[in-house]
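Please open the model in your viewer and keep the sequence panel beside it. The stops below each begin with something to select, followed by what is there.

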Amino acid sequence: MKPTRLLPSAIGLAVALCAGSAAHAASPSLEGWAVMPAATFSDGPTSGQFGFANAASPANNPPYLNLQPVQGFSGVLQGAGGSYRFLVDNGFGTQASSADSLLRMYAVLPDFRTASGGSGTVSAADWATGAARAGFDASTRITLSDPNRKLGFAIQADYAQYYNGSASLNPKGIAVDAGIRANQLLTGADLDTESVRQDKYGHLWFGDEFGPYLVKTDATGKVLARDVSLPGVYAPENAYRGAAPANLGGSRGFEGMAINKGGDRLYTLLEGTVTGDPAKTLRINEFNIDTNAYAAGSWLYKLDANGTNIGDMTAINDHEFIVIERNGATATGGTPFKKLFKVDLSKVGADGTVEKTELVDLMNIADPSDLNGDGSTTFTFPYVTIENVHVVDAHTLLMVNDNNFPGGGGRALTSDNTEFLKIHLDQALNVSPVPEPASVALMLGGLVLIGLKVRNGQHRRP
């Protein structure tokens with residue numbers, strides 16, 4: 001059934017009906033740049049036994065004995081100190097290739113190259129303190145797990161052999177690593193984690209593409225409750241659809257997910273169009289963390305004529321969000337379309353889609369100091385998948401690509417590096433930042449309840 005969108009405020013609707021094309025933000029520029037080499041690893045178990053190879057980078061090809069690639073960044077949270085915490089996605093691109101790829105989050109510490117200095121390198125960071133570490137190890141990460149079997153379906157850790165011994169997916173009968181089985185660790189064949197947020201209680205919520213599901217864990221990555229499906233939406237990989245037909249493309253689930261300032265509402269953005277919805281539209285749904293349920297209806301996000309996918313969504317405030325939109329072209333093939341758009345859920349056009357305004361053209365960023373050293377004062381970000389955007393402050397965005405290791409093609413056919421950008425915006429965002437976990441714990445008293453009541457009265461739709 002075609003969804004009924006939630007009603008915007010009367011003011012928002014009036015503005016939307018009268019508004020024309022909004023002006024672009026003034027002259028975004030690159031104020032910081034750093035790079036993490038493609039071949040960056042943490043300790044095992046062995047990975048890539050079902051993965052793919054890149055002929056242009058044979059030295060990087062799997063399998064990786066007793067190692068896990070630190071790659072595929074697809075979600076970002078602020079970490080301790082000046083560090084950031086990045087989610088890795090399902091591993092090697094598909095459910096059938098990623099059974100030995102652990103679902104982890106890593107803490108990293110970029111030393112941005114700026115006009116006044118900086119090395120342009122990225123180091124591992126201590127998860128708890130944010131202090132630089134010599135390499136990626138247990139102190140720099142969390143690993144998702146389901147020791148109490150809260151998920152509603154079997155995972156790789158429940159099997160003696162990967163893919164339950166499937167002759168087609170695991171023809172060599174490779175045994176599930178003993179550490180995965182003993183600790184009920186989650187892998188890229190169980191979930192395709194593409195987004196992450198932390199709520200007001202300190203719990204982590206992961207947006208998955210296979211269901212699509214929402215998965216709630218504690219701060220260490222341990223699953224706390226059964227996964228939550230989006231009602232009436234089924235990707236082919238959905239474990240519960242039974243005879244119901246898939247109405248969403250494979251791995252086209254929750255690529256983007258934002259959280260409100262109060263930490264009690266998630267906003268999920270699908271990567272694919274649900275069957276029956278208008279062409280090139282993607283649903284945005286609101287999830288109430290306290291009631292563990294979705295609100296009725298949804299919004300629709302309309303892709304640009306040149307856009308094919310979204311890469312991430314993050315909140316500016318309780319009604320404005322930033323969305324990464326892209327196509328599959330890169331510097332080595334096609335015409336890359338990589339942009340950031342600001343969307344406003346309180347402004348819905350006559351066609352039923354939310355208002356969107358171009359914020360940054362990632363293929364045309366001023367770089368007067370040539371921070372990446374390519375000899376140009378215009379910076380381009382032409383990677384296939386750009387899946388991380390974080391609001392640092394009203395004038396600064398953090399951007400990071402997913403490098404699809406060992407794949408390449410972004411800037412060259414060899415394995416892509418992971419680049420970290422700080423982009424300066426001349427036009428300030430109306431920022432209401434999401435509280436950091438440390439401050440969240442201090443806000444759980446009566447003051448928070450009062451604040452939420454006031455905020456909901458101002459911004460909730462009837």
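Select strand β14 (residues 254–259) together with β15 (residues 265–270): these two strands run antiparallel and are joined by 5 bridges, where strands are DSSP runs of E with at least two residues, helices are runs of H or I with at least four residues, and both are numbered from the N terminus. Two strands are said to pair if DSSP finds at least two bridges between them. This is a predicted model, in which local features need pLDDT of at least 70 and side-chain atom pairs count only at pLDDT 80 or more, while totals for chains, interfaces and linings use all residues. Residues are numbered from 1 along each chain as its sequence is written, and side-chain values use heavy atoms, with hydrogens and water left out.

Within this pair, G256 stands opposite L269 in β15. Follow the chain from β14 into β15 and you pass through the turn of a hairpin, with 5 residues between the strands, where G263 has a positive phi of about 75 degrees.

Now add strand β16 (residues 281–288), which runs antiparallel to β15 and is joined to it by 5 bridges; here F287 in β16 is the bridge partner of L266. How many of the residues of β15 are buried? The count is 6 of its 6 residues, buried meaning under 20% relative accessible area, exposed over 50%, and partly exposed in between, with a 1.4 Å probe and protein chains only. In a regular strand the side chains alternate between the two faces of the sheet. For β15 both faces are covered, with R265, Y267 and L269 buried on one side and L266, T268 and L270 buried on the other.

Next, select the open sheet of 4 strands, whose order is β10-β11-β12-β13 and whose pairing is antiparallel. The edges are held by β10 (193–198) and β13 (228–229), each of which has a single partner strand, so one side of each is left without a neighbour in the sheet. Inside the sheet, β11 and β12 are joined by 4 bridges, and W205 stands opposite K216 in β12.

W205 and K216 also lead to a cavity, since both appear in the lining of the second largest one, together with L214, V215, A225, R226, V228 and N292. A cavity is a set of points, on a 1 Å grid over the protein atoms alone, where a 1.4 Å probe fits but cannot get out, and its lining residues have an atom within 4 Å of a point. This cavity holds about 40 Å³ of space, a volume being the space filled by probe spheres set on the points, with grid points joined across faces, edges and corners. Strand β12 (residues 213–217) gives the most to the lining, with 3 residues.

For the largest cavity, which holds about 60 Å³, select Q68, P69, Q71, V88, D89, G91, F92, S101, L102, R104 and Y106. At least two lining residues come from each of β3 (67–69) and β6 (104–111).

Stay with β6 for the next stop, because β6, β11 (204–208) and β12 each supply at least two residues of the largest nonpolar core, a nonpolar core being a set of buried Ala, Val, Leu, Ile, Met, Phe, Trp, Tyr and Cys residues joined through side-chain atoms within 4.5 Å. Of its 32 residues, M105, Y162, L186 and F206 touch the most other members. Apart from this core lies another, of 23 residues, among them I322, I324, V389 and L429.

Select D43, found in strand β2 (residues 41–43); at 34% relative accessibility, D43 counts as partly exposed. Leaving out residues up to four places away in sequence, D43 touches N66, L67, Q68, R104, F136, D137, A138 and R141, contact meaning heavy atoms within 4.5 Å.

Finish at V384, in the loop between β24 (378–379) and β25 (385–393), which is partly exposed, with a relative accessible area of 27%. The C-alpha atoms of V384 and R326 are separated by 8.1 Å, although these residues are 58 apart along the chain.

Terms used
1 Å grid on protein atoms, 1.4 Å probe; cavity = no way out; pocket = protein on both sides within 12 Å on 5 of 7 lines; lining within 4 Å.
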